Amino acid sequence: MAGRRTFFFEGIGVSEGIAIAPAYVIETDRTIAESYEIAAEDIEEEVERFETAVRQAKCEVRAIGQEVAEKVDRQQAAIFDAHLLMLEDPYLIETTIKRMRKERRNAESVLWKVTTDLGNRMQAIGDQYFTERNHDLYDVSRRVIRHLRLSGSGEQAEAPSRHSCIVVANNLGPAETAQFSRDQVLGFCTNEGGPTGHAAIVAKAIGIPAVLGLEFVTNYVRTGDLLIVDGFEGKVILHPSAEQLRFYEKKADQAALYRQALEELRDVPAVTLDGTRINLFANIELPEEMPAVLHNGAEGIGLVRTEFLYLNRPGLPTHEEQTASYRRFIEGMDGRPVVMRTLDIGGDKLPAFAEKTTGANPFMGTRAIRLCLNNPDIFRTQLRAMLTAAAGSQINILIPMISGLDEMRESRRIVDEIAEAMREEGQPLPESIRIGAMVEIPSAALLAGPLCKEVDFLSIGTNDLVQYTLAVDRTNREVAPLYRESHPAVLELIRLTVIAGREHGIPVSVCGEMSSDPRFALLLIGMGVRTLSMAPSAIGIIKRVVRSVSIEEAEEMAREVLSKTSPSDVERVMKRRLKMVLDKLRQLHASTDGIAQIADESLASPS
Ligand code: PEP
Ligand code: MG
């Protein structure tokens with residue numbers, strides 16, 4: 001890349017690791033339609049290219065509509081009828097052709113201009129009907145532009161390869177992220193996104209280095225440009241120099257050694273220096289993570305996010321499909337505990353079937369248990385599949401987004417009813433059924449005492465607890481600096497929950513991203529938490545920390561942290577305390593274990 005100017009970008013490193021590869025830019029509204037001039041004698045050919053793309057888009061929409069009508073239902077397919085009408089809309093199509101002839105610009109750019117003009121006018125009306133039509137309009141135009149690109153006008157680059165690339169996009173949803181294959185996508189970076197959005201969690205889960213919240217990276221990067229993604233530091237380098245490449249190649253090698261050092265701990269137990277056992281469980285986003293769960297030595301699965309079954313498809317998963325999938329987790333863990341969370345749709349996870357039902361601002365809207373109680377058929381199918389999958393063993397069912405006792409009572413009533421019906425039908429049942437609540441809304445933490453009487457266990461979801469306590473959207477880059485797990489109000493809610501659990505003899509675990517940060521893991525242990533559930537890749541690091549500390553030291557840290565009143569003070573204390581632990585660890589290993597030292601140095605600057 002000699003001669004090309006190097007650009008540096010800083011964002012939020014959400015998944016550790018180094019990736020060096022050519023970029024693959026996913027079209028976004030900002031990059032979608034590059035504009036170029038068309039010679040007067042070629043303009044009719046360009047119009048022809050546009051008309052062909054529209055015809056192809058229509059064929060495609062018709063085919064998808066038919067498939068959805070057959071496989072799902074007519075109602076869902078109606079949306080494609082609306083798209084077909086738009087592809088025949090005189091304003092959209094004829095205005096585009098007229099303007100192409102007048103301005104002599106390429107079809108993509110003119111269509112996009114016409115779309116945004118029309119879209120802005122619809123948006124200005126502010127009516128829900130027009131807002132929905134606006135989405136359809138953009139969908140339709142993007143589809144035509146995709147066909148234009150595939151048709152290749154000679155001015156266009158070939159359809160870029162997605163092999164061994166770094167994906168660059170304005171924003172990515174968890175569904176798109178989940179589709180990435182680790183062999184093809186070596187890293188990714190986006191303009192938008194926050195530290196605990198589900199795209200970030202999925203990236204960490206599948207072990208792809210990722211930096212989000214880069215603001216305008218898509219304005220600079222073009223498909224094929226060489227990129228470095230440093231997921232440790234949240235940095236991205238475009239057109240790196242030879243020296244930078246050497247530096248990052250070395251860093252990538254060190255990261256591999258670091259992972260190897262942690263893997264050596266796989267079969268040793270997570271016990272503190274004074275012999276207290278800490279359960280280190282894994283969170284699972286996708287079935288493909290099962291090998292990583294076992295490979296990293298997880299002692300159980302503390303959270304199966306079952307949404308993967310519902311994303312990337314127009315319809316709903318059947319009872320059989322769900323049962324088979326849940327069984328794989330339970331059998332894979334061979335008797336070790338598995339916590340299955342019921343559907344948590346809404347927020348940044350919206351499958352096709354729920355798009356119309358979640359309403360505006362789905363993070364605060366019809367999400368998770370709210371959606372399940374409003375759609376009892378969906379909820380019952382899932383619960384029955386969980387009970388069927390766990391026949392003969394124990395099932396731990398975790399209900400997300402509990403805001404009060406009634407939702408919990410209603411959930412338990414439905415589970416009991418299904419179990420009773422299965423018993424009457426002579427179906428095999430689990431040996432025991434445990435039902436827990438996620439504590440991720442402040443009201444649940446404040447009511448943790450009474451809630452304990454309704455549940456068998458509690459699991460604190462700090463990702464949401466932070467967003468709902470501090471009123472900071474977890475996926476919004478602009479407010480990302482306000483998203484502070486170290487906020488004393490968040491810590492106080494965790495403290496209340498842990499105390500309530502202790503008083504009522506109800507186990508309390510933590511399954512938010514906080515568990516995988518060594519500083520917070522220490523703090524949580526000091527606050528009395530004995531089960532931490534995290535991304536499988538984090539288990540090794542946390543185990544090293546657990547094995548280097550005594551409960552007394554962790555409790556001392558917790559006492560000091562909980563006396564602080566600002567996030568910065570909390571973070572200072574945690575950093576100092578973690579450093580003390582690491583210094584001790586380094587002395588222990590300095591003479592014998594070089595690799596461990598590399599690992600511990602990396603630990604010194606936790607994200
Ligand atoms: C959480 O909110 O902390 C959690 C574990 O659930 P999710 O990230 O899936 O919302
Ligand atoms: Mg949550």
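**Exercise 1.** Find which helices and strands each supply at least two residues of the shell around ligand 1.

*Solution.* Start with the elements, which are DSSP runs numbered from the N terminus (helices: H or I, at least four residues; strands: E, at least two). In this predicted model, α7 (198-206), β10 (301-305) and α17 (462-470) each meet the mark. Next, rank them: α17 gives the most, with three residues. Then take the whole shell: 16 residues surround ligand 1 (a heavy atom within 4 Å). The closest are R305, G461, N463, D464 and R474.

Conventions: residues are numbered from 1 along each chain as its sequence is written, and chains are lettered from A and ligands numbered from 1 in the order written. Local features need pLDDT of at least 70, side-chain atom pairs count only at pLDDT 80 or more, totals for chains, interfaces and linings use all residues, and side-chain values use heavy atoms, without hydrogens and water.

**Exercise 2.** List polar contacts of ligand 1 (N or O pairs within 3.5 Å), then state how much of its area the protein covers.

*Solution.* Begin with the side chain of R305: one of its N or O atoms is 2.7 Å from a ligand oxygen. Move to the backbone. T462 places an N or O atom 3.0 Å from an oxygen of ligand 1. For N463, a polar backbone atom is 2.7 Å from a ligand oxygen. Finish with cover: the protein takes 100% of the 290 Å² accessible area that ligand 1 has on its own (Shrake-Rupley, 1.4 Å probe).

Notes. A polar contact is a pair of N or O atoms within 3.5 Å; within protein, one must be able to donate a hydrogen and the other to accept it, and residues adjacent in sequence count only if both atoms are side-chain atoms.
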